[in-house]
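Colleague: Could you take a close look at one part of this model for me, the place where the two chains meet, and then walk me outward from there into the strands?

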Protein chains: 2
Amino acid sequence: MSEYCYANKQIRLISEAGVPVTDLLVQRGYGIFDFLRVAKDKPLFIEDHLDRFFHSAEVMRLTIPETREEIKQIVATLIQKNNFDYSGIRMIIAGGDAADGYTIEHPHLIVIQAPLAEPTEELPTTGIKLATYSYQRQLPAVKTTDYLMAIWLQAWMKEQGADDILYHNNGSIRECPRSNFFLLTQEGVLVTAKEQMLNGITRKNIIKICETHHIPFEVRELTIEELKNAKEAFITSSTKRIIPVHQIDAILLQPQYEDSIARKIYDWLKKME
Amino acid sequence: MSEYCYANKQIRLISEAGVPVTDLLVQRGYGIFDFLRVAKDKPLFIEDHLDRFFHSAEVMRLTIPETREEIKQIVATLIQKNNFDYSGIRMIIAGGDAADGYTIEHPHLIVIQAPLAEPTEELPTTGIKLATYSYQRQLPAVKTTDYLMAIWLQAWMKEQGADDILYHNNGSIRECPRSNFFLLTQEGVLVTAKEQMLNGITRKNIIKICETHHIPFEVRELTIEELKNAKEAFITSSTKRIIPVHQIDAILLQPQYEDSIARKIYDWLKKME
């Protein structure tokens, strides 16, 4: 299979692309990325992803020579050359080589495309179980490549019989490692955490949907105490749109999928793509 | 210059070694390492470093096929082939490729050697300035490749006119990003932090020296409040042995280098090599 990526300033075969063993990304874990879904040949919400990508880069002082337009062109070229049916695009900025092994000198861009399953036509009816874990991501507003805790916790998560992890910081809910979290109160208000987490693009689109369709919502501090009284809960990501949550730790949620708010929002999200 | 490393199960030119862009180390920052100094052809305290390396690997569930003896052989081969006068060896275990981009499946070993300045004959007489910063490393007992905060803080550190950063967690001193921290009280007791930091090999050797030479020492919680009354302070690492500290934030320390405990320990450390 000829799968192309962009690395070392060239479109090249992914099997021939490598990050130097001396790179700050390899030696010091210093890098950022963004990930977007591609439907046929359409990179979804690419402007939003590029906004966030450049914001992450700025915060982390990772300046690359490629312009926004050039990155869009690289993405378009990969989509055309790889010709996947459904896929994901990962844009990475690596810290680059450093003479002293420590100072940011030559950050560089890597763009990878890989096949991805198409989200289901309608909201999945099988929910997942989350296990809560007290952990605050460092530099949480930045999409860094730091998933040390997420990967390390996979074994623990499986022991809990859970499908994903819900991070909270001393009881204040943050996010899942690769998704944002939403809760519907018994009063019918959709709530998502406000601070110290990554601002997901799907989260942003859901807030837009709530505004357009007059769904009561609040972006505020959300505590794990509130999970007990949730009418509904779900997680959101660019890859899956929405996945319903049927259990958090020992708390069972039994939303009526037919009538759920998640199902309505899922349809609206689909129409936005 | 022909500089050799070990990657993809072979001794190869470092310029030809790369970590796949799909590797968990690249995409998710999942990896551990250890770093040791080589004096001529002697890898210093390699057994201690290997002990820590395998401990890090075990905690992080990074199993590699190479045995301890094989790694020692790889290190010996690199030392012989590279023939550097004075150097450092970096052993890395990368998370490896993962079908789902998330699950540890194929961790692999990388060993790099690079020239390094020889530590000075005697303790350096010019001390450095530290700036304190509240930050707790994640998985602190493990030497992960996560230096996100350390690298990110370099710009802030320079603004403070500091040479290195001293991490504390709500006032409880931990470590510097690449060194351990020691303080000498006015009563002549050498103190170093006990928990939630990396157990340095030089720190371990200094504790041994204190035991052998009957220097009063304590391994306990150490607070930033205590910095004000310090008689002496220094940082320790495999690369530099000891660097004296002359200032921490606004606190000036004026140890008599001729008569300092650091100077004596430095000489003993040298003899241990």
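**Where the chains meet, and the strands beyond**

Modeller: Happy to! Let's start with a strand pair that crosses between the chains: strand 3 of chain A pairs with strand 3 (residues 18-20) of chain B in the antiparallel sense, over 3 bridges. Look for V19(A) here, since its bridge partner in strand 3 of chain B is V19(B). Please keep in mind that this is a predicted model.

Now widen the view to the contact as a whole. Chain A brings 35 residues to it, and chain B brings 35 residues as well. On the side of chain A that touches chain B, at least two residues each come from strand 1 (4-7), strand 3 (18-20), helix 1 (24-28), strand 7 (108-115), helix 4 (148-152) and helix 5 (154-159) of chain A. Helix 1 of chain A gives the most to this side, with 5 residues. As for the chemistry, the residues of chain A's side divide into 23 nonpolar, 9 polar and 3 charged.

Two of the strands just named, strand 1 and strand 7 of chain A, lead us into a sheet. This is an open sheet of 6 strands in chain A, with the order 2-1-7-6-4-5 and antiparallel pairing. At its edges are strand 2 (10-13) and strand 5 (42-43) of chain A, each of which pairs on one side only. If you follow the order to the strand 5 end, you'll find strand 4 (residues 31-39) of chain A joined to strand 5 of chain A by 2 bridges, in the antiparallel sense. In that pair, A39(A) stands opposite K42(A) of strand 5. Lying across strand 4, strand 5 and strand 6 (86-94) of chain A is helix 2 (residues 46-59) of chain A, which runs at about 175° to strand 4 of chain A.

One more group of strands in chain A deserves a visit. Strand 8 (residues 128-134) and strand 9 (residues 164-169) of chain A pair in the parallel sense, over 5 bridges. To find your place in this pair, start from A131(A), whose bridge partner in strand 9 of chain A is I165(A). Strand 9 of chain A also runs antiparallel to strand 10 (residues 172-175) of chain A, and 3 bridges join them. Here H168(A) has I173(A) of strand 10 as its bridge partner. Strands 9 and 10 of chain A form a hairpin with 2 residues between the strands, and in this hairpin N170(A) takes a positive phi near 50°.

Technical notes
Residues numbered from 1 in each chain as written. Chains lettered and ligands numbered in written order. Predicted model: local features only at pLDDT ≥ 70, side-chain atom pairs only at ≥ 80, totals over all residues. Contact = placed C-beta atoms within 7 Å. Helix = DSSP H or I, 4+ residues; strand = E, 2+ residues; numbered from the N terminus. Nonpolar A, V, L, I, M, F, W, Y, C, P; charged D, E, K, R; others polar. Pairing = 2+ DSSP bridges. Axes fitted to C-alpha atoms, helices over the stretch in contact; angles between N-to-C directions.
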